[in-house]
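Hi,

Here is the structure I promised to pass on. Have a look at it first, and then read my notes underneath.

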Amino acid sequence: MEETQETKNIGLRGIKVADTRISDVDGEKGNLIYRGLNICDLVSYSTFEEVSFLLLNNRLPTAGELKDFQSELVSERKVPETVYGFMKMMPNTAHPMDVLEAAVSILAVYDPQLHGESREANLKKATRLIAKLPNIVAAWDRIRKGKEPVGPHSELTHAGNFLYMLSGSPPDPETTKDFDMCLILHAEHSFNASTFAGREVASTHAHLYASIVAALGALSGELHGGANSEVMKMLLEIREVDRVKSWVFEKLRKGGKIMGMGHAVYHTEDPRATILRRIGDGLADWTGDRRWFELTKAIEVATKEEFKKLKGKEIYPNVDFYSASVYHMMGIPTDLFTPIFAISRISGWAAHIIEEKFAEAQPKPELYRPDADYVGTYCGPEACPYIPIEKRSP
Ligand SMILES: CC(C)(COP(=O)(O)OP(=O)(O)OC[C@H]1O[C@@H](n2cnc3c(N)ncnc32)[C@H](O)[C@@H]1OP(=O)(O)O)[C@@H](O)C(=O)NCCC(=O)NCCS
């Protein structure tokens, strides 16, 4: 029996396709490690800028290196006017993820090193994209509301500057810190769907921008990065804690999914959900409105209970579950949740695309090329007779 017979039709679950030095997800113990460092330490002691340096360079920066990297990010925050011009021509109903995908393709043609394929050139391109993505997401939110984009603020951190470009006023330090932690938590997660999409495209020798556009497309789906905004829609639909039990019961009995719950790799609580629950709890106190946090918690409890009764097994919240109410409490529009995932994950994607391009973990055939068994129409080894158009019937 061919090897593919044993591995097909399982969505690649548990199939190892490559080695990586970037992150390790321990689905049994619920640990997440970036370049050897525990995510819990990184959210406690690092910033998103430092974590991006770590992901791209395989080590934490020295103080001087971090300062230089931060300055480089600040100097690369502006986007060409053409990008704003294109956004101004878009219907204001366009989804921010679609606008982001198109804007990244436009940015590509302005990158002076687009086809530079040295490691150094790829690092520069990655830094430019990390710096510019927040500008695009914030600008689109303003443009679609009939406002002018707010230019980047050179004195603010990556997290603070995004919140500033979105609202037009400098954010408070607490929200900035919480948002920075969210960015760290979403920055990397091994061979997830979007990262694999990016690596797969990079394996064809496509440039970094093309690979990132592929990753963005994969992220946009509701089973991946789109789940956080779906969680918010669920919260807005349920609205009251006393409606939670019956809503969850109905949903699960009808075979529906509770968004933000369950994970393809974690069989215990996603460590990012643990930290986001804590952030949400603090933010609820800080804003003086505990409604969204309490509602989220109640859905978690009800889903766990009902799922256990129905399927006889446990289910846990994933990264998207608590991030929804956290972003909502920060005043961020629901359809920006997934683009915000992207402005964080761009660092992980870029690290993976570079690892893929330079076979940094292990040598492997460059191009990914899986196989499939053909189970379609078959008329024998010579194929079916071709019927001219005038003789065809529906
Ligand atoms: C992430 C996800 C796709 C993983 O799916 P998976 O790898 O198939 O997970 P499992 O194998 O553990 O699923 C086992 C069973 O639980 C069900 N299940 C998993 N997550 C569920 C959820 N959130 N709500 C209801 N049922 C769920 C599956 O449908 C499956 O049912 P079945 O055995 O009757 O076919 C899935 O949990 C999901 O769709 N979650 C909601 C979307 C989401 O939050 N995505 C973001 C992920 S970070």
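**Ser 344 and its helix**

Ser 344 is buried, with just 1% relative accessible area. Keep in mind that this is a predicted model. The residue sits in helix α17, and beyond its sequence neighbours up to four places away, it touches Phe 48, Cys 182, Leu 183, His 186 and Ala 187.

Ala 351 belongs to helix α17 too. Its relative accessibility is 3%, so Ala 351 counts as buried. Leaving out neighbours within four places in sequence, Ala 351 is in contact with Ile 22, Arg 35, Leu 55 and Leu 56. The C-alpha atom of Ala 351 is also 9.6 Å from that of Asn 122, although 229 residues separate the two along the chain.

Which helices does α10 pack against? The buried residues of α10 pack against α11 (208–219) and α17 (337–357). Helix α10 covers residues 193–202 and is mostly covered, with seven of its 10 residues buried. Among them are Ser 194, Arg 199 and Val 201.

**The whole protein**

The protein has 17 helices and three strands. A compact globule of 394 residues would have a radius of gyration near 21 Å, and the 22 Å of this protein agrees with that. Along the principal axes, the C-alpha atoms fill a box of roughly 70 × 55 × 50 Å. Half the story is inside, if you like: 50% of the 394 residues count as buried. Taking contacts with a separation of 6 or more, 74% are between residues 24 or more positions apart. About 18800 Å² is exposed, and carbon and sulfur atoms supply 54% of that.

**The hairpin and a nonpolar patch**

Strands β1 and β2 (residues 31–34) pair in the antiparallel sense over four bridges, and Asp 26 has Asn 31 as its bridge partner in β2. The two strands form a hairpin with four residues between them, and Gly 30 in the turn has a positive phi of about 75°. In a regular strand, side chains alternate between the two faces of the sheet. In β1, Ser 23 and Val 25 make up the covered face, while Asp 24 and Asp 26 make up the uncovered one.

On the surface, Ile 10, Leu 12, Ile 15 and Val 17 make a nonpolar patch of about 280 Å². Leu 12 lies in the loop between α1 (3–7) and β1 (23–26), and its 46% relative accessibility makes it partly exposed.

**Salt bridges**

How many salt bridges are there? The count comes to 31. Here are three you may want to look up:

- Arg 128 pairs with Glu 76, with the closest N and O atoms 3.5 Å apart. This links distant parts of the chain, 52 residues apart: Arg 128 is in helix α7 (residues 119–144), and Glu 76 is in the loop between α4 (63–75) and α5 (81–89). Arg 128 counts as buried, at 11% relative accessibility.
- Glu 269 pairs with Arg 277, with the closest N and O atoms 2.7 Å apart. Glu 269 is buried at 17% relative accessible area, and Arg 277 is buried at 18%.
- Lys 297 pairs with Glu 294, with the closest N and O atoms 3.8 Å apart. They are three residues apart in helix α15 (residues 291–311), so about one helical turn separates them. Salt bridges with shared partners join Asp 281, Asp 285, Arg 290, Glu 294 and Lys 297 into one network.

Cheers

Technical notes. Residues numbered from 1 in each chain as written. Predicted model: local features only at pLDDT ≥ 70, side-chain atom pairs only at ≥ 80, totals over all residues. Heavy atoms only, no water. Patch = residues over 30% accessible without salt bridge, like charges linked within 9 Å, V, L, I, M, F, W, Y side chains within 5 Å. Areas by Shrake-Rupley, 256 points an atom, 1.4 Å probe, with all protein chains shown as cover. Salt bridge = Lys/Arg side-chain N within 4 Å of Asp/Glu carboxyl O. Buried < 20%, exposed > 50% of the residue type's maximum accessible area, 1.4 Å probe, protein only. Rg over C-alpha atoms; globule rule 2.2 N^0.38 Å. Contact = heavy atoms within 4.5 Å. Pairing = 2+ DSSP bridges.
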